[in-house]
Each structure stands twice: as structure tokens, then as C-alpha cells.
Amino acid sequence: MMNTNKGGAQESELLGSNKQQRHLATYLLHLHSKCRIFSSSIFAIIVTFVLIRNIAVAKVLFQTQNIIEAKVSHDIGTMDPTSKTTFVFLVATEGSGHHMYSVLCEKSPSRDRINGELSKDIKSLTSLLYDHKDKSSALFSAPSSIENSNKLVNGTFVVEGIVSKLQSIEEMIKNASYPTTTTIPLNAVKAFKTGMMSYPNYGGIDKILQYPDLSTLYYACTLAGVSCRHVVLTRDPYDVIRSTTTRRKFFKSKIKAIQSYITMLGVILAQMTMYPDQLAACWEYNAEGSDNEQLGTIMGWSDHMHFKKSYASIFRESHVLNATERLELVPTELEVYMLSMEKTTETIQKTCKEILQSRG
């Protein structure tokens, strides 16, 4: 018979320093003392416990490795080169031109596919990205859900749903054997629950938290093995403020509107620089169609002249505000904030072009 104290020390050491494991060791030792179980039996119990624990750890490590591999694949932009499907997300502050983008999509070469058999699945997919009525159930709206319990937000479950929809749509397109690439706009159709998924999206007390996150979107795209890209749209800051505070009352306070958009433009700049390989086009709203050819390409136009005509048919250039009108819109006291908004917008435009030029 082995010395009980010596055996107990060895067994406790095997069980490690974890508090729960120490409780289990104490219980096993107590059982050993009461029932006079041979030390070999206790050792067998310990070995069984350690094996079960190691299996659980191995499972966690395996899952973690899958996540790491997905992130690595995501970072280097690895996509299926044979795919004829591209999911496109428009990145822009509200008031920048989402509605024109919607009309442009209605004229795109993919319009019949988008509005036809794919329509229902696309709407289901977008509702998993943003849901104004049930914020906790969608990827971008969940952080601003009013519920206090994290249990009501299951990001893993939402991502699984997005992955499933992305794969389903791509499979439908693959089976249809379309001769050209199909562009699926993820935020071109304004729905009751999704809005335009602008930066920010919708109103309310948590408005500043209600914006898309390209990191989470591209994570889902990578897990699904599909090609996802984004277009960055900018507009003259004074036109944005006029659109959102005068024509539409998104903000009652001019300074709150300006500072909110400065914040959102900063988010856009950060997200754009994080994913340079997924940048498809830089779109300046007041530029002519000929200056936005990358936009036409990613939307499916192979004939740039055709795209230019389509663009010109729907584009309505905004009235250019003169100095007096600008002062009426934004008083002199707030000029320092507008300068910041203008500077951030210019930085986005410059950086966007540099990213595309660096790819040749």
C-alpha cells in the first residue's frame, strides 16, 4: 500500500492549480479515505479526468485554429478565383447619395437577377446585417440594441446565418450559369428594417453606434468563401449637412450633426485603410460618370460608355452653395468644425485614390 499523504501530493499536482480541479482532487482524496480505494484506482480516475479535460481543450484549440485560419485568409484577401459573384457594400455617411446608388443598381447589368429569383434571398441577407425593429438579431445593429443583457446578442449565430445566405446566393448564381459576373449590392435597396446602412444608420439615442463594420462583414465573407468588396462614396460636407439638417431633419443641432459626421468619416477612413485589397472604387458624388469608371466596373458594366450614359441619365448635380449660402447653412461660429469635416473628407478621397493607384 502506498503512503496516502505522498500519493495525495502527487495526485493534487497532477490535477493542477485550477480551483475547480483542486476541489475535485479534494473530493477524490476524501473518497479514497472513506472507501479505502486502492491508489491505482484513484490514478485511473485521475487519468480519465485528464483525458476528458484534454479532449475538451483540444476541441477548443481546433475551433480557435479554424478562426485564426479564417482571419489569416481574410487578411490576405483570399477568395475563390472562379466565382462569378461579387457582393458589394457601399461605404458612405448618410446624405451622401445612397438613393442615387439604388437607382443606379436598378439600371445595372445585374438588375434582372437582383430583382428576380435572387430578390428574396438578398432581402433575407440584408436583414441579418441590420434590423431596425429587432436590433439584437442583426450584425451591425446589435451593438446599439437597448437590451442590457449580452445574452440577447449572439454574434456567432448571426454570422452563421449570414454565411449560409452568402453561400446560398452564390450557389444559385453558379447553378444559373450566367455568362457574366453578378454584382449583389448589399445596401442598395431601402427596406423597412435595414435602411440604407449608412454611417450612421437611422436615428435614436444610440445613433452614433449604428453604423456598419467592414471587419465583421469580411469575416463572414471569408467564412463563406465568397468575394466581397466595398465602394467608398464621398460628398461635399456642406451638401451632406444641407441634406441631413435642412432638407431632412436627421439632426436638430448643426454642431451635433457636424461632429457626428466627423466621427463617422474617421470610422470610414480607418475601415478603408484596414481593407485595401477589398476596395473596388472611389466615388465622388458630384463627379461625372467618366470619373467613376471603377464604380461602373464593379457594378457589372463592361462598356464604360454605356455606364456613362446610364449615370448621366439619373445624376442630378446639387446646387453649388456660394459663400453667403454656406454661412446661412453653417454659421461662422461653427466654421472650425466644418474645417475638420472637410479635412477628413479630403483625406478619405486622397487615400482612396492612392490605394487604387498602388494596385496599378
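Which two cysteines form a disulfide, and how far apart are the sulfur atoms of Cys282 and its partner? Select Cys282 and Cys352 in this predicted model, and you will find that they form a disulfide whose sulfur atoms lie 2.0 Å apart. The pair links distant parts of the chain, since Cys282 sits in strand 4 (residues 279-284) while Cys352 belongs to helix 14, 70 residues apart. Looking along the S-S bond, the link of Cys282 and Cys352 is left-handed, with an angle of -100°, and both cysteines are buried.

Next, select Cys221 and Cys228, which form a disulfide with their sulfur atoms 2.0 Å apart. The link of Cys221 and Cys228 is also left-handed, with -85° about the S-S bond. Cys221 is buried, with a relative accessible area of 0%, and Cys228 is buried too, at 2%. A search of the whole structure gives two disulfides, and, when the bonded cysteines are counted along the chain, their pattern is 1-2, 3-4.

Now turn to the cavities, of which the structure holds three of 30 Å³ or more. The largest cavity contains about 70 Å³ of space, and to find its centre you can select Thr93, Ser96, Thr234, Arg235 and Leu265, the closest to it of the 15 residues that line this cavity. Then colour strand 3 (227-234), helix 9 (237-247), helix 10 (254-274) and helix 14 (335-358), each of which supplies at least two residues of that lining. If you colour the lining of the largest cavity by residue type, you should see ten nonpolar residues, four polar ones and one charged.

Key: Residues are numbered from 1 along each chain as its sequence is written. This is a predicted model: local features need pLDDT of at least 70, side-chain atom pairs count only at pLDDT 80 or more; totals for chains, interfaces and linings use all residues. Side-chain values use heavy atoms; hydrogens and water are left out. On a 1 Å grid over the protein atoms alone, a cavity is a set of points where a 1.4 Å probe fits but cannot get out, and a pocket is an open set with protein on both sides within 12 Å along at least five of seven lines; lining residues have an atom within 4 Å of a point. Grid points are joined across faces, edges and corners, and a volume is the space filled by probe spheres set on the points. Helices (H or I, at least four residues) and strands (E, at least two) are DSSP runs, numbered from the N terminus. Ala, Val, Leu, Ile, Met, Phe, Trp, Tyr, Cys and Pro count as nonpolar, Asp, Glu, Lys and Arg as charged, and the others, Gly among them, as polar. A disulfide is a pair of cysteine sulfur atoms within 2.5 Å. Buried means under 20% relative accessible area, exposed over 50%, partly exposed in between (1.4 Å probe, protein chains only).
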